[in-house]
Amino acid sequence: MKFKVIVTPKKAVLDPQGNAVRDAMRHLGMPQVQSVRVGKYMEIDVSGEDVDLEDRLHGLCRDLLSNPVIEDYELEKANGAK
């Protein structure tokens, strides 16, 4: 079974890396770009049919893969996951 994890800065948190990417895009001829948020994307392959697998993955996302003070995360089964 495959899961996708997307970690992004919370809306209220400044994103200097996103601002740098936005400015570079504008400089390279895309003045229409209003904002960019830079985050992390992970794919996790797991085996087995553990009953509480998704709950445990949420715990890992909260405690290991993201910083809950400044980041939000999304966990979802990847398309075609079995």
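**Burial, contacts and salt bridges in a predicted model**

Student: What is the relative accessibility of E76, which counts as partly exposed?

Tutor: The class of E76 follows from the cut-offs, because buried means under 20% relative accessible area, exposed over 50%, and partly exposed in between (1.4 Å probe, protein chains only). E76 counts as partly exposed because its relative accessibility is 33%.

Student: What confidence does the protein have on average, as mean pLDDT?

Tutor: This is a predicted model, in which residues are numbered from 1 along each chain as its sequence is written, and side-chain values use heavy atoms, without hydrogens and water. Local features need pLDDT (the predictor's confidence in each residue, from 0 to 100) of at least 70, and side-chain atom pairs count only at 80 or more, whereas totals for chains, interfaces and linings use all residues. In the protein, 96% of residues reach 70 or more, and the mean pLDDT is 93.

Student: With which residue does E76 form a salt bridge?

Tutor: A salt bridge requires a side-chain nitrogen of Lys or Arg within 4 Å of a carboxyl oxygen of Asp or Glu. The closest N and O atoms of the E76 pair are 3.2 Å apart, and the partner is K4. The pair links distant parts of the chain, 72 residues apart, with E76 in strand β3 and its partner in strand β1 (helices, H or I of at least four residues, and strands, E of at least two, are DSSP runs numbered from the N terminus). The residue asked for is therefore K4.

Student: How many residues apart in sequence are the parts that K40 and E71 tie together?

Tutor: K40 and E71 form a salt bridge, with closest N and O atoms 3.8 Å apart. K40 lies in strand β2 and E71 in strand β3, so the separation in sequence of the parts they tie together is 31 residues.

Student: Which of these two, K40 or E71, is buried?

Tutor: K40, at a relative accessible area of 38%, is partly exposed. With a relative accessibility of 18%, the buried residue is E71.

Student: What is the N to O distance in the salt bridge of R56 and D50?

Tutor: R56 is partly exposed, with a relative accessible area of 47%, and D50 counts as partly exposed at 37%. Their side chains meet in a salt bridge with an N to O distance of 2.4 Å.

Student: Is S66 buried or exposed?

Tutor: S66 lies in the loop between α2 and β3. Leaving out residues up to four places away in sequence, S66 touches V7, C61, E71 and Y73 (contact means heavy atoms within 4.5 Å). Because its relative accessible area is 9%, S66 is buried.

Student: Which strands do the buried residues of α2 pack against?

Tutor: The buried residues of α2 are L53, L57, G59, C61 and L65. The strands against which they pack are β1, β2 and β3.

Student: How far apart in space, C-alpha to C-alpha, are K10 and I70?

Tutor: K10 lies in the loop between β1 and α1. Apart from neighbours within four places in sequence, K10 is in contact with R37, P68, V69, I70, E71 and D72. K10 and I70 are 60 residues apart in sequence, and their C-alpha separation in space is 5.6 Å.

Student: Which residues does V46 touch, not counting those up to four places away in sequence?

Tutor: V46 is placed in the loop between β2 and α2. V46 counts as buried because its relative accessibility is 18%. Beyond four places in sequence, V46 touches M1, F3 and L53.
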